[in-house]
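Biologist: Please take one part of this model and go through it closely. Start from a single residue, then work outward to the strands, the cores and a helix.

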Amino acid sequence: MELSFSPEEIAFRDEVRAFIRDNLPGDVQKRLIEGREIGKQDIVDWQRKLNAKGWAVPHWPRAWGGQDWSPVQEFILLDELQSAPAPSPLPFNVSMVGPVIATFGNDEQKRKFLPATANLDIWWCQGFSEPGAGSDLAGLKTTARREGDHYIINGQKTWTTLAQYADWIFVLARTNPGAEKKQQGISFILVDMKTPGITVRPIQLIDGGHEVNEVWFDEVKVPAENLVGEENKGWDYAKFLLGNERTGIARVGASKQRLRRIRELAAIERAGDARLIDAPWFREKLADVEIDLKALEITQLRVLAEARKSGKHGRPDPKSSILKIKGSEIQQATTELLLDVVGPLAMPFQGSTDPDDDGNAMPIGPDDAAEAAPTYFNWRKISIYGGSNEIQRNIIAKAILGF
């Protein structure tokens, strides 16, 4: 494997960096560097700029906005967006439902949904997890019964990220309760969030944030034409989707940016009579994370290369589970390092989670300090969502090691 970029790839990287520098609003970048929330419109505006450039969905089929890029180019774009940092294209749209519709949807669904999905004219959310079906997703109980030209959906989804913004939701629902295996009776259905019978209830997190929700379905009538692919084949489409999601969860560029910021702050903070960056215990912890991150970066490039070689159709690469495990562990490790840097300055609680409300009190310490503790605790979830790391280890044992 060639570990250095070619001159053409370096030129592309420079083009990406120049585009971000010239188009990303400074206040949005500052918020991301400090670990603070950005608004919905910030995400929409940025994705539309990327889409106008042809960079929102480069991994999609060319007919629907994709590019004939190498895996390295795809990696460079994602890495530079995360490293800048800039908002990444909304994953529910570009990495989850978009590829599913492009691969398994019919022509009418592609025409109706793909351009709007790429341009974020439709904001999607993910209707998978339920109170009794998280890691064991196949145990879901939400039902969709066929009545003429419609499905009637009943049930509950939970931990639905940013459902308060969503225009549509892609739902896994049980269409054959009597199937021999529980995975065989599930379908993948697209649902307009304005449909009568849908209720979105916020889940307030311990830090006061509102990023996840409960979504209830009470006799929700959905046109049968919104079924993606074949009835009762939704589990296959969900596995395809989750393979894409787990690759993105690695967030190599985001961890690079966070480590860069940690180094900057550690060069300022003191540990006794010396800079924290010079403390042997801290340097050892920092080096361990940086080594793991470099190994993860190489692994992600290998997974991308193999995905391009084998095509996007069929089963996802089980190696994406490795990316999910290590990526989540490294992201969590960076939050621990930041707590080591800011120390007691992380204790003051910044009560407002409104991205437009800066409060009227001066921060204590660096701008990152107030967000360090809430981020540390919030990011415990990364090893759970997208399929818990325990489940990923089972996938690796079965699909890669043959146990």
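Modeller: A polar contact is a pair of N or O atoms within 3.5 Å; within protein, one atom must be able to donate a hydrogen and the other to accept it. The side chains of Ser-187 and Thr-175 make such a contact, at 2.7 Å. Keep in mind that this is a predicted model.

Ser-187 belongs to strand β5, residues 186–192. Its relative accessibility is 0%, so Ser-187 counts as buried. Setting aside neighbours within four places in sequence, Ser-187 is in contact with Val-171, Leu-172, Ala-173 and Thr-175. Its contacts also include Leu-227, Glu-231, Asn-232 and Gly-234.

Two of these names lead onward. Take Val-171 first. Val-171 is in strand β4 and stands opposite Gly-127. Strand β4 covers residues 168–174 and runs parallel to β1, with 4 bridges joining the two. Strand β1, residues 124–127, is covered on both faces. Trp-124 and Gln-126 are buried on one side, Cys-125 and Gly-127 on the other.

Now Gly-234. Helix α7 spans residues 234–249, and Phe-240 is found there. Phe-240 has a relative accessible area of 6%; it is therefore buried. A long sequence gap is bridged here: the C-alpha atoms of Phe-240 and Val-100 are 140 residues apart along the chain, yet separated by 7.4 Å.

Back to the strands, by way of Val-191. Neighbours within four places aside, Val-191 is in contact with Ile-153, Trp-168, Ile-169, Val-171, Ile-198, Val-220 and Val-222. Val-171 is thus on the contact list of Ser-187 and on that of Val-191. Two other names on the Val-191 list are bridge partners: Ile-153 pairs with Val-220 in β7. Their strands, β3 (residues 150–157) and β7 (residues 212–223), pair in the antiparallel sense over 7 bridges. Strand β6, residues 198–203, also pairs with β7, antiparallel over 6 bridges. In that pairing Ile-203 stands opposite Val-212.

Next, the cores. In soluble globular proteins, nonpolar side chains tend to be buried together. The largest nonpolar core here has 74 residues. Trp-124, Phe-170, Phe-188, Leu-190 and Val-191 touch the most other members. Helix α5, residues 91–104, gives the most to this core, with 7 residues. A second, separate core holds 25 residues, including Val-252, Leu-276, Leu-338 and Ala-373.

Then a helix. Helix α1, residues 7–23, has 17 residues. From first C-alpha to last, α1 reaches 24 Å, close to the 24 Å expected at 1.5 Å a residue. Glu-9, Phe-12, Val-16, Phe-19 and Ile-20 are buried in α1. They cover an arc of only 95° around the axis, so they sit on the same side of α1. An α-helix has 3.6 residues a turn, so residues three or four places apart point the same way. The buried residues of α1 pack against α3 (40–53) and α4 (71–83). On the other side of α1, Pro-7, Arg-21 and Asp-22 are exposed.

Last, the whole chain. It contains 12 helices and 9 strands. Of its 403 residues, 48% count as buried. Among contacts with a separation of 6 or more, 76% come from residues 24 or more positions apart.

Methods: Residues numbered from 1 in each chain as written. Predicted model: local features only at pLDDT ≥ 70, side-chain atom pairs only at ≥ 80, totals over all residues. Heavy atoms only, no water. Buried < 20%, exposed > 50% of the residue type's maximum accessible area, 1.4 Å probe, protein only. Contact = heavy atoms within 4.5 Å. Expected span 1.5 Å × (residues − 1). Arc of directions from axis to C-beta. Pairing = 2+ DSSP bridges. Core = buried A, V, L, I, M, F, W, Y, C linked by side-chain atoms within 4.5 Å.
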